[in-house]
Amino acid sequence: MDPRELVRASKFLSLVLRHRPEVANVTLDPRGWVEVDALLNGCRAAGRPLTRAELEEVVARSDKKRFALSADGRRVRAQQGHTVAVELDLPARTPPDVLYHGTVDRFLPAIRAEGLRPMGRHHVHLSPDEATARRVGERRGSPVVLAVDAARMHADGHEFRISGNGVWLAAEVPPRYLCRWPSG
């Protein structure tokens, strides 16, 4: 699969597995899984045919590792980022001392006032390193990377989870835990 087709397939799968499963006429189970055969049939019916091999290639080669196949290879789901109701059943984990969030300047006034909120998603997404957070912020313009005092948040009783692709998840990040603001 060429890189552009890989991106197109990944975006379509993100739409179906995170936000609008009805586009491919599939139903996610309570943990976000769908049978691979049902998904492939739904993709074909939606005019976006995908073979089993292509699906496996998207799962394996997607740069953000957004998707996971079940251990038996019969089901697939998005790792995180859902706007539809799913429970990923990820255990609470102790985070590293500092996590990062990539954003852009135009969102800073709201973040300073309200902290980081999940918006339409179930969780706030945090990165384990500045470089990843920078890449996330770049999707919307000139990136701004914020540091999160995850150690203090955790000590204060906030829970963290980590998805299968290394994205840290929190219900919210109040402004008092944002410990580095860009200068200027």
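Where does the largest pocket lie relative to domain 1 (3-78) and domain 2 (98-180)? Keep that in mind as you click through this predicted model.

Start by colouring the two domains. Domain 1 (3-78) and domain 2 (98-180) both contribute residues to the lining of the largest pocket, so the pocket lies between them. Its volume is about 1,400 Å³.

Next, select Gly102, Arg121, His125, Val136 and Arg139: of the 43 lining residues, these lie nearest the pocket's centre. Now show the elements that give two or more residues to that lining: helix H1 (3-19), strand E5 (98-104), helix H4 (108-114), strand E6 (124-126) and helix H5 (130-138). H1 gives the most, with 7 residues. Try colouring the lining by residue class, and you'll get 14 nonpolar, 16 polar and 13 charged.

Stay with H1, but switch to the largest nonpolar core. Pick out Leu13, Leu17, Leu39, Leu55, Phe67 and Val76, which touch the most other members of this 27-residue core. H1, helix H2 (36-45), helix H3 (52-61) and strand E3 (75-78) each supply at least two of the core's residues, and H1 has the largest share, with 6.

Zoom in on Leu39 and show its neighbours. Leaving out residues up to four places away in sequence, Leu39 touches Leu13, Val16, Leu17, Val26, Val34, Leu55 and Val76.

Last stop: select Leu126, Val148, Phe160 and Tyr177. They are among the 18 residues of another core, which lies apart from the one you just looked at.

How values were computed: Residues numbered from 1 in each chain as written. Predicted model: local features only at pLDDT ≥ 70, side-chain atom pairs only at ≥ 80, totals over all residues. Heavy atoms only, no water. 1 Å grid on protein atoms, 1.4 Å probe; cavity = no way out; pocket = protein on both sides within 12 Å on 5 of 7 lines; lining within 4 Å. Points joined across faces, edges and corners; volume = space filled by probe spheres on them. Helix = DSSP H or I, 4+ residues; strand = E, 2+ residues; numbered from the N terminus. Nonpolar A, V, L, I, M, F, W, Y, C, P; charged D, E, K, R; others polar. Domains from an automatic or database assignment. Core = buried A, V, L, I, M, F, W, Y, C linked by side-chain atoms within 4.5 Å. Buried < 20%, exposed > 50% of the residue type's maximum accessible area, 1.4 Å probe, protein only. Contact = heavy atoms within 4.5 Å.
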